[in-house]
Amino acid sequence: MSDASTDPESAAVAVPASDDAPAAGRKRPKPGERREQILQALAAMLEQPGAERITTAALAARLSVSEAALYRHFASKAQMFEGLIDFIEHTVFSLVQQITGRELPDPAAAQSAEEGTREAARIVALVLQFGERNPGMVRVMVGDALVFEHERLQQRMNQFFDRIESTLRQSLRLVTAQSGTPTVDAQVAASVLTSFAVGRLQRYARSGFRRLPTEHLEASLARIL
């Protein structure tokens, strides 16, 4: 299901080398640039095997800066992970809004069951495409990187998928309109789709990013929907 108009690949940027103090001839990072470099480095490190727990010492070494330099931009490692979660939420839900906004340009317009099915499929595809192109972020999305971190971080990712499920439920509301229990059926269908997406992302992370989450995606969604 590659017809969703997404561009999450833009998030997978290379982490530039940097020092705590600029070397001769090297420009000092612009305001906010060092913060972005830290988050990029953290995401890149999460792509490596055994990266479920990353220390600030290792992150600082990756960037060739001191740990104190990290804490000038983030109060804690948990705040660094919150920065990644902010990016995930902003990117995915901005693209979800493009999908739902394009499919339903007029909120008062009638939506067909076929349009609802197509919209739901595109949302699931978007989430999986984002994960496939941003493997380090997947460890955050499925919670593997958050096991030893503050509980609120996992709660935020739980809320992220709750919001995805709620959006899918809205997309599917007319798909189930003719059933005897349309609201319940839409809830069940949205829950199944969300669980499918989470499962594909978990498999991707735990296979060392070898089993792509979009593998046979169109055929898989056709069976579910």
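**A surface patch, bridged helices and a covered first helix**

Ile224 counts as partly exposed, because its relative accessibility is 33%, a value between the 20% limit for buried and the 50% limit for exposed. This residue belongs to helix H9, which covers residues 217-224. In this predicted model, Ile224 joins Val184, Val188, Val192 and Leu225 in a nonpolar surface patch of about 370 Å². Helix H8 (residues 182-206) gives the patch its largest share, with three residues.

Confidence is a helpful thing to keep in mind while looking at the model. The mean pLDDT of the protein chain is 85, and 81% of the residues reach at least 70. Residues 1-26 call for more care: pLDDT stays under 50 there, and the model has 59 contacts beyond four places in sequence for this stretch.

Turning to charged side chains, a search of the whole structure finds seven salt bridges. Side chains of opposite charge can pair when their charged atoms come close. One of the bridges joins Arg152 and Glu82, with N and O 3.0 Å apart. Distant parts of the chain are linked by this pair, since Arg152 sits in helix H7 (residues 151-171) and Glu82 in helix H4 (residues 77-103), 70 residues apart. The two partners fall into separate classes of accessibility. Arg152 counts as partly exposed because its relative accessibility is 30%, whereas Glu82, at 18%, counts as buried, the limit for buried being under 20%.

Another salt bridge is formed by Arg156 and Glu89, whose closest N and O atoms are 2.6 Å apart. Arg156 lies in helix H7 and Glu89 in helix H4, so this bridge ties together parts that are 67 residues apart in sequence. Here Arg156 is the buried partner, because its relative accessible area is 18%, while Glu89 has 22% and is therefore partly exposed. The pair also has company: Asp86, Glu89 and Arg156 are linked in a network of salt bridges.

Helix H4 also contributes Ile85. With a relative accessible area of 0%, Ile85 is buried. Once neighbours within four places in sequence are left aside, Ile85 is in contact with Val140, Leu153, Arg156 and Met157. Arg156 thus appears both among the contacts of Ile85 and in the salt-bridge network with Asp86 and Glu89. As for Met157, its C-alpha atom is 7.5 Å from that of Ile85, although 72 residues separate the two in sequence.

A further salt bridge brings together the side chains of Arg211 and Glu215, at 3.0 Å from N to O. Arg211 is partly exposed, because its relative accessible area is 36%. Glu215 is partly exposed as well, with a value of 28%.

Helix H1 (residues 33-45) offers a simple check of geometry. Its 13 residues should span 18 Å at 1.5 Å a residue, and the end C-alpha atoms are 18 Å apart, so the expected and modelled spans agree. This helix is mostly covered, with ten of its 13 residues buried. The buried positions take in both polar and nonpolar side chains, among them Arg34, Gln37 and Gln40 as well as Ile38, Leu39, Leu42 and Met45. Ala41, Ala43 and Ala44 are also on the list of buried residues in H1.

Terms used
Residues are numbered from 1 along each chain as its sequence is written. This is a predicted model: local features need pLDDT of at least 70, side-chain atom pairs count only at pLDDT 80 or more; totals for chains, interfaces and linings use all residues. Side-chain values use heavy atoms; hydrogens and water are left out. Helices (H or I, at least four residues) and strands (E, at least two) are DSSP runs, numbered from the N terminus. The expected span of a helix is 1.5 Å times one less than its number of residues. Buried means under 20% relative accessible area, exposed over 50%, partly exposed in between (1.4 Å probe, protein chains only). Patches are made of residues with over 30% relative accessible area and no salt bridge: like charges are joined within 9 Å, nonpolar side chains (Val, Leu, Ile, Met, Phe, Trp, Tyr) within 5 Å. Accessible areas come from the Shrake-Rupley method with a 1.4 Å probe; for residues, only the protein chains shown count as cover. A salt bridge is a side-chain nitrogen of Lys or Arg within 4 Å of a carboxyl oxygen of Asp or Glu. pLDDT is the predictor's confidence in each residue, from 0 to 100. Contact means heavy atoms within 4.5 Å.
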